[in-house]
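Subject: Structure handover

Hi,

Here is the structure for you to look over. My notes follow below it.

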Amino acid sequence: MNLRLEFLIGTALTCVAMPAFAQDAVPSQREDGASGEIVVNGIRKSLQDAIETKRRADSIVDVISAEDVGKLADSNVAESLARLPGVTVDHQFGEGEQLSIAGVEPALNRLTIDGHSVASADWGGNPSDRSSRSFNYSLLSPTIISQAVVYKTPEARLQEGAIGASVDIVTRKPLDLQPNTVAVTGGGEYNSRAKRGSFRGSALYSWHNDSGTIGFLGAVNYDKEQLSRAGSAVYWYRTGDALLERYARDGSGNIIYGADGRVPGGPTLNGQLPNAAMIAEFSKARVASFLAREFFRQERERIGFSGALQVRPADNLTLTATGLVIRGNYDNLSNSEYTYGYEGSLLQSATYANGMVTSATFAGITGNGATGQLDTNFRRTRVKNDSLALMFDWKPGGWEISGNFGATRASGGKDPEYLLDFRTRQGFTSGTNGKNTYVNWQFPASDATRWLSNFTALGGENQSEPAVLAANGGRPFFGRQIGGITFAEKTRDAEIFGQADIARNVSLGPINRILFGARYVSHTNSSTTLGGAAFTNQNFTLADLNPYVLDADLYNGLGVSGNGTPYATLDSDAIRRTLEKYGTINVNRGLAKDRYFRVKENILSGYVQANFEAGRFRGNIGGRYVFTRDRSQFYVQSGGIFAPTTVTTDDNRFLPAANLIFQAGDNVMLRGSAAKVIARPRYSDLAGSLSLDDTTRSGSGGNPNLKPYAATNFGLSAEWYFARASYLSAEIFYRDVSNYIGNETQDGVQMTNTVTGRTLTYSISRPVNGGKAKVTGFSLTANANLFWGFGIQSNYTFTDADTGLPTGLPFLSRDVFTIVPYFEKGPFQARVSYNRRSKYFYRFGRQQSQDYTDGYRQLDASVSVNLTDKLQVSASASNLLDETYYQYSSDPKFPTAVYKNGRVYSLSASLRM
């Protein structure tokens, strides 16, 4: 069904009863056992709280609120946020991890917790963006979350650093809760593709004394998730002109044709010896040169501790300390078996149509060489995050003085990674036809005897790199690399922050409040890799290593055919045993200088803001001055020699912001906003290793002189709050982005080669400022509390970007639609959530391939029953459609990745007192 048609149907369902049937339905209630006070909670109460926060806001925001203490709508915060208009989430690994907002990629948005920064380091699931400033939302436990506020338009008082939006997570505080509040949840979940279950649980306790002057809150959460993802992938597309090697040629290199106009011999095309026209067509057709069958398995285990201590020594002074500790185990096993479909000398026949090679048959090899490869990897990955914040809120006289000071640090990555690969010499036939892919080996891929060690398949050669010489008594080693151990590939992120804010109510004409403050940040981000390699002079095959064959059901529904699945492979223990047993020489290559970087960033900012109100108008206007100093450390490589290099740059910005709100009626608001905003470059773009060649005067690498992304943002919204827990809104947003960072080759760049000491003019391929983008969009939202316990939420967002490029902006979906019908009456509640986003540009792949992710649908459902006023049982299911995650190169008929992550079912019980 057309996405816009889906939206129209959803909107009609939402609006059909408005305002005739919308009503102030009675929310779910429970009675507090201690005081007899009625405590309102549930779906409607969470919507009421979110709507009330949105309504009171001094800018354009969207909000999600917890239904009760320790209960968010989803176990994943990103999935809950993705139901808001203009917010999208990527499902490459099943659960949501990063957010795009208002058509802007995750790295250009920002997350804070209680107004302060939080360090970020990931497990390595997004290797193309290891050093961005985004945050993995799956690390956050919903247990302590009260609200999440998405600031789509800024105020001067808010931290800079986002072009799309800033998300602030507001956590629970002990003085805001009833004393001796308890929330405990436990249950299990099951992934249909992993065919394994796991446990999830959380507990929260909050206390304060009778006078409300001291309180503490502690929470712990444990989460284990099973992920088993199989699929097909294409690592490189070439064109047919690379496969014409077997056709006879004359002395000028031209293909020879016979009297009948066809070649006298060689590979057949579409079942016949081709003529010149067929060869011309075939030469332009794209062929999947490396067509893979992939398998990825991961057990995600997370444990988190959070706490808050509050002291109120005086009525006008509150001191708050919060702490957050996260530990994540993301160990994963992956393997990929793929063809070498690029040897024209081995091509026997091919078929093609519509610019695509649908089938190509290649002969096997009898001597040294290979026609395919099997990569097996086991990664031990750990994620750590520690944050501590000290806050005060003091109100002496007519002043309001607050502060937020603390530190946050994170680390992530692989430590270590075990890599082992094999080759095969057998012939094969492979091809693609849209989402359908075909691989047929001469012998089934389950035959482990056909997969040989690199030494067996390719023969040996003298290995004479310094690490090998050192390990072999100064002598070269005759053998072949079979893999190795990457001893560490770690990212580290740390920040020390301090902020002070002062406000005072005034009577200066329409100005009723003055705010000003300052913030200082010292931030460090680094990436360090310690490489290794294993070499052997022993013959062995996969069959010698106790392999196993993958479950054939893993590839159901993925358009996979041929005997390329299921295939034989190794588990993690077998990979490590093989490297120990057959690794005749294992070397530590030490620091990989071409992958090292460290950025030390100091930020000083200050702001002034005036809030005003005049009749039906209110709003704010102000400005924020920001000074940023980046000290980028990396290595310059020239002629095989590396030299450490440090570059320091400064940037000064003034960022004005204004918001105007008009109370058009008792329940109608019109909002307008204008602001200048920035988002800082990726750390690896600033400090990526630089390679220079003084002979060719060329180079490539990072660019420490990058300026921040800059944009002028405008927003308009109209909101009608026509009933309790109900509203209609329309929002228009515009982002005029300058200084957009993209990779290109710059000529005439003068710089000093720190290896040779020469100052020359180079042609350098690197990230540069200068790109422009204009993002325009609108959102329509309809939330209605209907009748007989029913309600519905829906929204649609249209976004378009003018970049001068056919790809648009990364992660920007033109159309996004969400509809969430729900029912809540008495002890029972149920909810269904459907979300659909259209295709989006993902990245530039090999040979500047324009890689896209196809449209994606997500259908989730949940039900719960209150067995007593304190005990609730819940069941939920996510990804009920078992949607296919499909990526392609330029055109949907050229797949680059086809995955399924499986359905996830969960059952839990919650106790709240």
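Which residues have the most contacts inside the largest nonpolar core? They are L81 and I169, in a core of 65 residues. Strand β41, residues 726–752, gives the most to this core, with 6 residues. Apart from it lies another core, of 61 residues. L269, Y418, F422 and L570 are among its members. Keep in mind that this is a predicted model.

Back to I169. Leaving out residues up to four places away in sequence, I169 touches V77, L111, T112, I113, D114, L140, I145, Q147 and A148.

D114 turns up again in the second largest pocket. D114, G115, Y151, R157 and D168 lie nearest the centre of that pocket. The full lining runs to 45 residues. Strand β22, residues 399–424, supplies the largest share of that lining, 5 residues. The space in the pocket comes to about 1,600 Å³.

Next, helix α4, residues 276–284. Its buried residues are M278, I279, F282 and S283. Why do they sit on the same side of α4? Because they cover an arc of only 135° around the axis. What covers these buried residues includes four strands: β13 (237–239), β14 (268–269), β19 (347–353) and β20 (356–362). At the start of α4, N275 makes a link to the backbone: one of its side-chain oxygens comes within 3.1 Å of the backbone nitrogen of A277.

Best wishes

Technical notes. Residues numbered from 1 in each chain as written. Predicted model: local features only at pLDDT ≥ 70, side-chain atom pairs only at ≥ 80, totals over all residues. Heavy atoms only, no water. Core = buried A, V, L, I, M, F, W, Y, C linked by side-chain atoms within 4.5 Å. Buried < 20%, exposed > 50% of the residue type's maximum accessible area, 1.4 Å probe, protein only. Helix = DSSP H or I, 4+ residues; strand = E, 2+ residues; numbered from the N terminus. Contact = heavy atoms within 4.5 Å. Arc of directions from axis to C-beta. Polar contact = N/O pair within 3.5 Å; in protein donor to acceptor, adjacent residues only side chain to side chain. 1 Å grid on protein atoms, 1.4 Å probe; cavity = no way out; pocket = protein on both sides within 12 Å on 5 of 7 lines; lining within 4 Å. Points joined across faces, edges and corners; volume = space filled by probe spheres on them.
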